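Thanks for sending this one over. Here are my notes as numbered points, meant to be read with the structure open beside you.

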Amino acid sequence: MITTPSPLSEARRLLDTVCDPEIPVLTIADLGILRDLRRQEDGTLEVVITPTYSGCPAMNAIEVNIRAALQEGGFDHVKVTTVLSPAWTTDWLSAEGR
């Protein structure tokens, strides 16, 4: 039996390819910047991210890269939400990121 991935799992797979522009050997998931992924009632895919520090200049590039990866994967309605609280911590680094 062939199963197709759910939209959220496919979106997550795509986001797992988005690298941090300042440390391109690490993905936003490895860094713990990618906080949440959810589908809204209208079908919009919301990606929640937290910068490693509140003035991080890479966040604009990260948002552009998130949108590009998802749009290339067929997700046309994407909302990127940046949250500052709770603040990012190194505890959010993945095992691969460490």
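1. **Salt bridges, an overview.** Before anything else, please keep in mind that this is a predicted model. A good place to begin is with the charged side chains: the structure holds five salt bridges. As general background, side chains of opposite charge can pair when their charged atoms come close. The next three points walk through some of these pairs.

2. **The pair in α1.** E10 and R13 form a salt bridge, and their closest N and O atoms are 2.6 Å apart. Why can these two meet? They sit three residues apart in helix α1, so about one helical turn separates them. R13 counts as partly exposed because its relative accessibility is 45%, which falls between the 20% and 50% limits.

3. **The pair in α3.** A salt bridge also links R67 to E63, with 3.2 Å between the closest N and O atoms. Both residues belong to helix α3 and are four residues apart, about one turn of the helix. Are they buried or exposed? R67 is partly exposed at 27% relative accessibility, and E63 is likewise partly exposed, with a relative accessible area of 23%.

4. **A small charged network.** Salt bridges with shared partners join D36, R38 and E46 into one network. Within this network, R38 bridges to E46, and the closest N and O atoms of the pair are 2.9 Å apart. The two ends of that bridge have their own surroundings: R38 is partly exposed at 36% relative accessibility, whereas E46 is buried, with a relative accessible area of 7%. Where does R38 stand with respect to β2? It is opposite E46.

5. **The hairpin.** R38 and its partner E46 in β2 lead us to the hairpin of β1 and β2. These strands run antiparallel and are joined by five bridges. Five residues lie between the strands of this hairpin, and there G43 takes a positive phi near 95°. That glycine is worth a look when you check the backbone.

6. **The sheet as a whole.** How are the strands ordered? Three strands form an open sheet in the order β1-β2-β3, with mixed pairing. β1 and β3 are at the edges and have a single partner strand each, so one side of each has no neighbour in the sheet. From one strand to the next, the twist averages 20°. The pairing of β2 with β3 is parallel and consists of five bridges; as one landmark, V48 has T81 in β3 as its bridge partner. In general, strands of a sheet pair through backbone hydrogen bonds, either parallel or antiparallel.

7. **A helix on the sheet.** α1 lies across β1 and β2, and its direction makes an angle of about 150° with that of β1. This is the helix that also carries the E10 and R13 pair.

8. **The nonpolar core.** Which residues touch the most other members of the largest nonpolar core? Of its 26 residues, they are L15, V47, I49, I62, I66 and L70. At least two core residues come from each of α1 (7-15), α2 (28-31), β1 (34-39), β2 (45-49), α3 (59-72) and β3 (78-82). The helix α3 gives the most, with five residues. L70 is a handy residue to centre your view on: leaving out residues up to four places away in sequence, it touches A11, L14, L15, L45, V47, F75 and V78.

9. **The cysteines.** If you were wondering about disulfides, a search of the whole structure finds zero. C19 is in no disulfide, and the nearest cysteine sulfur, in C56, is 15 Å away. Why is there no bond between C56 and C19? Their sulfurs are 15 Å apart, which is too far. C19 counts as partly exposed, with 32% relative accessibility, while C56 is buried, with a relative accessible area of 10%.

10. **A cis peptide.** One last item for your checklist: the peptide bond that joins S85 and P86 is cis, with omega about 0°. P86 is found in the segment after β3.

Definitions and conventions. Residues are numbered from 1 along each chain as its sequence is written. This is a predicted model: local features need pLDDT of at least 70, side-chain atom pairs count only at pLDDT 80 or more; totals for chains, interfaces and linings use all residues. Side-chain values use heavy atoms; hydrogens and water are left out. A nonpolar core is a set of buried Ala, Val, Leu, Ile, Met, Phe, Trp, Tyr and Cys residues joined through side-chain atoms within 4.5 Å. Buried means under 20% relative accessible area, exposed over 50%, partly exposed in between (1.4 Å probe, protein chains only). Contact means heavy atoms within 4.5 Å. A salt bridge is a side-chain nitrogen of Lys or Arg within 4 Å of a carboxyl oxygen of Asp or Glu. Two strands pair if DSSP finds at least two bridges between them. Axes are lines fitted to C-alpha atoms, for helices over the stretch in contact, and angles run from 0 to 180 degrees between N-to-C directions. A disulfide is a pair of cysteine sulfur atoms within 2.5 Å.
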